[in-house]
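This report covers the core, one pocket, the cysteines and several loop residues of a single chain. Please look over the model before reading on.

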Amino acid sequence: METQQQLDDFQARIDAGEKIEPKDWMPERYRQQLTRMGSQHAHSEIVGMLPEGNWIGRAPSLKRKLVLLAKVQDEAGHGLYLYSAIETLGESRANMIDQYLYGSAKYSSIFNYPTLSYADVCVIGWLVDGAAIVNQTKLAHCSYGPYARANLRICKEESFHKKQGYEMVAKMAEGIPAQRKMVQDAVNRFWWPTLMMFGPHDSDSPNSEELIKWQIKLNTNDELRQHFVDRVVMEAGAIGLTLPDHDLKFNEETGHWEMGEMPWDEFWNVVKGNGVMNRERMKARRNAHENGAWVREAAQAYARKKKLSREKAS
Ligand code: BYC
């Protein structure tokens, strides 16, 4: 039973900007919400390797291949930092993975879109990693210590991903007409799905109020989306690319770029598992998990052997 006094004391710690650490008392609902959101974040990093991984064998040069290999490996690392952070809440990694491979856990909608050309890889670096940083920079200051620290570390790598993506997009934008057309086409296809990464409008976001009260989220979905749009409009303009939103206009009074309405039916369709690539992505991840069973068994056997020999020696 949680007493009102415990809940009030907990809220006072949050309001004072204190970090909550694994052994501290926390409301069960706080634990559940963090487990839900943090594990979905981890799954997103892991599934997120697939769209770009699709182009490792077809990168246009050795340099681009090395950069892409390193980036995709970084995403795997982000998934592992996050699983470790969420395990401190008492949830086992095996259970989290089971929930997303065979249960109802979600991962970011953006990874259910195909990568049709190499320009998509460039645009993912610029827009998708760019959107992820806007979100994760805030999560790096959230109230739960292990999740905040995992995000801090992720942001350091993610900001490099964004820079290399923007550099590649800029290179293509100043290339021959065919390259320019290819990169503009990628921007056109990824623009709205990227904005959807920030989640539904605040009025349709059932979790935001509670997450903000507990400082798990520091901003609402719409606030972060606006922050991202204000930044990207400038970046697109600087390299002569356009964004596929005819309603995009600068509001002198608010100092923000106003955007058109997003295709929300498409968003919910993808979130419910019916996007173009949902089934393929899940199939790829399940296969990888099942084919990797022997590696996990071997690692566990090795760990057991090490433990036994340590016990014998002591
Ligand atoms: N996609 O109440 P709401 C990366 C769900 S990967 C799918 O607003 P919340 C990278 C939501 O889960 C990093 N589902 O939720 C990797 C909820 O359903 P449940 C990705 C979505 O939690 C490789 C329902 O809709 N970043 O950087 O308050 C290559 C209602 O929404 C989405 C993260 O994961 C969506 N877009 O806020 C390149 C950030 N949006 O769970 C790059 C961490 C909403 O109640 N996550 N839903 O059944 C977050 O910041 C928050 O969870 C969200 C949603 C803003 C996404």
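How many disulfides does the count come to? It comes to zero, where a disulfide is a pair of cysteine sulfur atoms within 2.5 Å. Cys-155 is in no disulfide, and the nearest cysteine sulfur, that of Cys-142, is 11 Å away. Cys-155 is buried, with a relative accessible area of 12%, and Cys-122 is buried at 1%. Buried means under 20% relative accessible area, exposed over 50%, and partly exposed in between (1.4 Å probe, protein chains only).

The model is predicted: local features need pLDDT of at least 70, side-chain atom pairs count only at pLDDT 80 or more, and totals for chains, interfaces and linings use all residues. Residues are numbered from 1 along each chain as its sequence is written, and side-chain values use heavy atoms, with hydrogens and water left out.

**Core**

A nonpolar core is a set of buried Ala, Val, Leu, Ile, Met, Phe, Trp, Tyr and Cys residues joined through side-chain atoms within 4.5 Å. The largest one has 80 residues, and those with the most contacts inside it are Tyr-30, Tyr-100, Tyr-147, Trp-191 and Phe-228. Helix 6 (residues 118–139) gives the most to this core, with twelve residues. Helices (H or I, at least four residues) and strands (E, at least two) are DSSP runs, numbered from the N terminus. Not counting residues up to four places away in sequence, Tyr-147 touches nine listed partners, among them Leu-34, Met-37, His-41, Leu-82, Ile-86 and Cys-142; contact means heavy atoms within 4.5 Å.

**Second largest pocket**

The second largest pocket has a volume of about 340 Å³. It is lined by 14 residues, of which Tyr-83, Arg-93, Ile-97, His-289 and Arg-296 lie nearest its centre. Helix 4 (62–87), helix 5 (93–102) and helix 12 (278–291) are the elements that give two or more residues to this lining. Helix 5 gives the most, with eight residues. The lining divides into eight nonpolar, two polar and four charged residues. Here Ala, Val, Leu, Ile, Met, Phe, Trp, Tyr, Cys and Pro count as nonpolar, Asp, Glu, Lys and Arg as charged, and the others, Gly among them, as polar. On a 1 Å grid over the protein atoms alone, a pocket is an open set of points where a 1.4 Å probe fits, with protein on both sides within 12 Å along at least five of seven lines; lining residues have an atom within 4 Å of a point. Volume is the space filled by probe spheres set on the points, which are joined across faces, edges and corners.

**Loops and strand 1**

Two loop residues have partners far along the sequence, as listed here.

| Residue | Partner | Apart in sequence | C-alpha to C-alpha |
|---|---|---|---|
| Tyr-107 | Gly-48 | 59 residues | 8.9 Å |
| Val-276 | Asn-112 | 164 residues | 6.3 Å |

Tyr-107 is in the loop between helix 5 and helix 6 and is buried at 13% relative accessibility. Beyond its neighbours within four places in sequence, Tyr-107 contacts residues including Gln-40, His-43, Tyr-100, Asn-112 and Arg-281. Val-276, in the loop between helix 11 (264–271) and helix 12, is exposed at 64%. With the neighbours within four places in sequence left aside, Val-276 is in contact with Asn-112 and Pro-114.

Gln-215 lies in the loop between helix 9 (208–213) and helix 10 (221–238) and is partly exposed at 29% relative accessibility. The phi of Gln-215 is near 55 degrees, a positive value in a residue other than glycine. Most residues other than glycine have a negative phi.

Asn-251 is found in strand 1 (residues 249–251) and is buried, with a relative accessible area of 19%. Not counting residues up to four places away in sequence, Asn-251 touches His-256 and Glu-258.
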